[in-house]
Amino acid sequence: MKHTWYVTFEVPPDGTLLRRRHPRLTKTFETEAEAKDFARTKFNEGLVVTPGTMIPHLPRTSIPSPEIPAWLEADEVNESSGPTKK
């Protein structure tokens, strides 16, 4: 399976640079669940994360910063509610 999701995240400052900058790294994942787990970890560390799907994967998805908490929370809500019964 190819990697279809990415998470770009801030690299925490180490205090060695004189000027301010926000270097970023990107890590790729095969599934959205793996990307969410990684993004959740970085987000909880206080870092800015930007997840999405890689080109040419369709449908294209990019999660804007204001929607990150809801995107991360979606799986937690589904897991805590358990399977739905009819």
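Helices and strands are here DSSP runs, with at least four residues for a helix and at least two for a strand, numbered from the N terminus. All views show a predicted model.

**Figure 1. Overall arrangement of the protein chain in the predicted model.** From the N terminus on, the order of elements is β-β-α-β-α, which comes to two helices and three strands. The chain has 86 residues, of which 27% count as buried. Among contacts with a separation of 6 or more, 59% join residues 24 or more positions apart. The exposed surface of the chain is about 6600 Å², and carbon and sulfur atoms supply 57% of that area.

**Figure 2. Close-up of the aromatic cluster formed by Phe9, Phe29 and Phe38.** A search of the whole structure finds three aromatic pairs. In one of them, the ring centres of Phe9 and Phe38 are 5.3 Å apart and the planes stand at 70 degrees; because edge-to-face applies to angles over 60 degrees, this pair is edge-to-face. Phe9 belongs to strand β1 (residues 5-10) and Phe38 to helix α1 (residues 32-44), so their pairing ties together parts that are 29 residues apart in sequence. The rings of Phe29 and Phe38 likewise have centres 5.3 Å apart, but their planes meet at 45 degrees, so this pair is tilted. Each member of the cluster is buried: Phe9 has a relative accessibility of 9%, Phe29 one of 8%, and Phe38 one of 17%.

**Figure 3. Close-up of the largest nonpolar core, which has twelve residues.** The three phenylalanines of the aromatic cluster, Phe9, Phe29 and Phe38, belong to this core together with Trp5, Val7, Ala35, Ala39, Val49, Ile63, Ile68, Trp71 and Leu72. Two or more residues come from each of β1, α1 and α2 (68-81). In soluble globular proteins, nonpolar side chains tend to be buried together. Leu72, a member of the core, is in contact with Lys36, Ala39, Arg40 and Phe43, once its neighbours within four places in sequence are left aside.

**Figure 4. Close-up of the pairing between strands β1 and β3.** The two strands run antiparallel and are joined by five bridges. Opposite Phe9 stands Val49 in β3, and both of these residues are part of the largest nonpolar core. Strand β3 spans residues 49-53; four of its five residues are buried, so the strand is largely enclosed by the rest of the structure.

**Figure 5. Close-up of helix α1 and the residue Gly46 that follows.** Helix α1 has 13 residues and reaches 18 Å from its first C-alpha to its last, close to the 18 Å expected at 1.5 Å a residue. Its buried residues are Ala35, Lys36, Phe38, Ala39, Arg40 and Lys42. Of these, Ala35, Phe38 and Ala39 also appear in the largest nonpolar core. An α-helix has 3.6 residues a turn, so residues three or four places apart point the same way. Gly46, after the helix, has a positive phi, near 90 degrees.

**Figure 6. Close-up of Glu30 in the loop between β2 (24-29) and α1.** Glu30 is partly exposed, with a relative accessible area of 31%. The C-alpha atoms of Glu30 and Tyr6 are 8.8 Å apart in space, while the two residues are 24 residues apart in sequence.

Notes. Residues numbered from 1 in each chain as written. Predicted model: local features only at pLDDT ≥ 70, side-chain atom pairs only at ≥ 80, totals over all residues. Heavy atoms only, no water. Phe/Tyr/Trp six-rings, centres within 6.5 Å; stacked < 30°, edge-to-face > 60°. Buried < 20%, exposed > 50% of the residue type's maximum accessible area, 1.4 Å probe, protein only. Core = buried A, V, L, I, M, F, W, Y, C linked by side-chain atoms within 4.5 Å. Contact = heavy atoms within 4.5 Å. Pairing = 2+ DSSP bridges. Areas by Shrake-Rupley, 256 points an atom, 1.4 Å probe, with all protein chains shown as cover. Expected span 1.5 Å × (residues − 1).
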